[in-house]
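Biologist: Please take a close look at one part of this model, the protein surface that faces the RNA strand. I would also welcome a connected account of the neighbouring topics of sheet and helix packing.

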Amino acid sequence: MLCYEQRHKSHFESYEKGPMSKAVTSNAPSNMPPVVRFAPSPTGYLHIGGARTALFNWLYARGRGGKFLLRIEDTDRERNNEAAVSAILDGLRWLELEWDGEAVSQFSRADRHREVANLLLEQGAAYHCYAQPAEIDAARDAAKAEGRPQIFLSPWRDRSPSDAPQGVKPTVRLKAPREGETVIDDHVQGQVTFPNKDLDDLIIVRSDGNPTYNLAVVVDDHDMGITHVVRGVDHLTNAARQTQIYQGMDWPVPAFAHVPLIHGTDGAKLSKRHGAQGVEDYRSMGYLPEALRNYLVRLGWSHGDDEIMPTAKLIEWFDIDGINRSASRFDFKKLDDLNGHYIRQAGDAELISRIQVMLAHQDFAELRALVLDPKAPPRSDVALAHEVQALAPGIADGRDLAARFAAVGWDKMQAAMPALKERARTLAELVSSALFLVAEYPVTLDEKSAKLIDADARSTLAALALRFERSNDWRAEALEAEVRVFCEETGAKLGKVAQPLRAVLTGRTVSPPVFTVLEVLGRQESLKRINASQV
RNA sequence: GCUCCCUUCGUCUAUCGGUUAGGACGCGAGAUUUUCAUUCUUGAAAGAGGGGUUCGAUUCCCCUAGGGAGCGCCA
């Protein structure tokens, strides 16, 4: 497999030569198709907030015939690794946010970034700074103590390079304006003004010669022809500094849109203890990509009273200018509800294949070991892992489970699907309710269902078994008719018969409709389970 | 500490100065039902506080309070 960096190098050339290479300013006619990008740093997974940012970009590009590019911000060599990069690509693919062209490695463009730094140096828009870290820290501490903004004003800005100390490797700093203000005309935040006196001369090249993030972003966005920079508000002040770099190079500034962050249920920044940060967690819990997209886009954006918005509608309706400024809290209940809608609307075969994808990524032992905040919402994949342990302890992970379903036949699950999908909010719940298909014999009854099997129930089940053995039609409808006749003859209430039956068939007091269970289980397996209750 | 941003039901949101402040999730009640769900009906639930501007403020302005983000030779 090609490393994404290698793949990119040749591809990047095409951006430089291609028709999109000309940057379009925010003042450009708005009918130009936009070029946007998603630029995550490789941290190990695709953060759910990042996923929403990617979604906004993707929708904007797709709705306007533009391009959605992907760039990996991997200039920090210590944090970067191939696995972290592929986790992000994986997450985007699962969410079905296909990007145009190859992913660009920012690190691979370091030479170009240095070239731009040198240009700035030549034009006098940047200078070498010989200040040492200790000196900078001291200045910042002093500023803080005096209640001034913690910025460092380098003495080297106006000093002659001939004063440079021997043997000290300098950094390159941008010669930012000290007077006036830098204004960001943001499509979400509005006009945001930063007094230039509060912005220090940012380092654009480290003393080891490596370009910094802010320089790299500007050069890459410019070279890639990005027209709209849509990213998290945490980059708002960067936008001001980056604007100064654009100005230094006399490049057109792209349109900015800084979208609010997503918080956990408690209003604090979404973190580990909230249970799920990476999109891979959402895949594991059994959310459908389309439902997640629908949910994510509604966090901070709306279209009148519309709640269920299939992706085609989102592409048609979405607009950056409609995004809210305030942060929103993540609500699993609402996601669950939306996901339930999409599950009910999905085709049975499609659900099976989505389930297979989900199972391929589940490790039950790992899920059972997950330590979650007690206040965090319960995870349906963790619940599934526990159910598997109770009903089929021999199964270690999702792949095993998938193999077991394959052994009994996926067609059985598909046959039960209409009944299953109207009582599931996630695919993991759906699989949990289908577990009776692969329960190990003899079926282990949980506490409540075991309680149902008293002497009365046993004799009822024995009598029922006799009838079932004689019946020649094993479809749910016929079986139900059979049981109803049985009830009439014996004067028993349907519930009195159905509940014990459900218990011995599924080991649970809650399940899909018993007659559906009987049908998909088949005559032999059903009778085996009913008769097991007699010993 | 400094700079910037935010504030409508518990949560996500609608409202382009005049509405009985609407919808959705969740919650309560009821109907349907073999369990659980689904579905349907229905109920409770909001403009942070204080000043202005205006005939009239949820909407515009200011202050306060609360929340968030940023302030790296990280990205």
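**The surface near RNA strand B**

Modeller: In this predicted model, at least two residues each are supplied to the surface near RNA strand B by helix H5 (133-145), strand E7 (190-195), helix H7 (236-249), strand E12 (328-329), helix H11 (332-345), helix H21 (494-506) and helix H22 (514-521). RNA strand B is surrounded by 63 residues, of which Ser-41, Glu-73, Tyr-213, Ser-326 and Arg-423 are the closest. By class, this surface comprises 21 nonpolar, 22 polar and 20 charged residues.

Turning to the sheet, three strands form an open arrangement in the order E4-E5-E8, with antiparallel pairing. Strand E4 (126-129) and strand E8 (203-205) lie at the edges and have a single partner strand each, so one side of each has no neighbour in the sheet. On average, neighbouring strands of this sheet are turned by 45 degrees against each other, direction ignored. Four bridges join E4 to strand E5 (residues 171-174) in the antiparallel sense; Val-172 in E5 is the bridge partner of His-128.

As for helix packing, the axes of helix H14 (residues 380-391) and helix H17 (residues 427-434) come within 8 Å and cross at roughly 20 degrees. Because angles under 35 degrees count as roughly parallel, H14 is roughly parallel to H17. The crossing of H14 past H17 is left-handed. H14 contributes Ser-380, Asp-381, Ala-383, Leu-384 and Glu-387 to the contact, and H17 contributes Ala-428, Glu-429, Val-431 and Ser-432. This contact of H14 with H17 contains four nonpolar, two polar and three charged residues.

Notes
Residues numbered from 1 in each chain as written. Chains lettered and ligands numbered in written order. Predicted model: local features only at pLDDT ≥ 70, side-chain atom pairs only at ≥ 80, totals over all residues. Pairing = 2+ DSSP bridges. Axes fitted to C-alpha atoms, helices over the stretch in contact; angles between N-to-C directions. Near = placed C-beta within 6 Å. Nonpolar A, V, L, I, M, F, W, Y, C, P; charged D, E, K, R; others polar. Parallel < 35°, antiparallel > 145°, perpendicular 65-115°, else oblique. Left-handed = near helix turned anticlockwise from the far one by under 90°. Contact = placed C-beta atoms within 7 Å.
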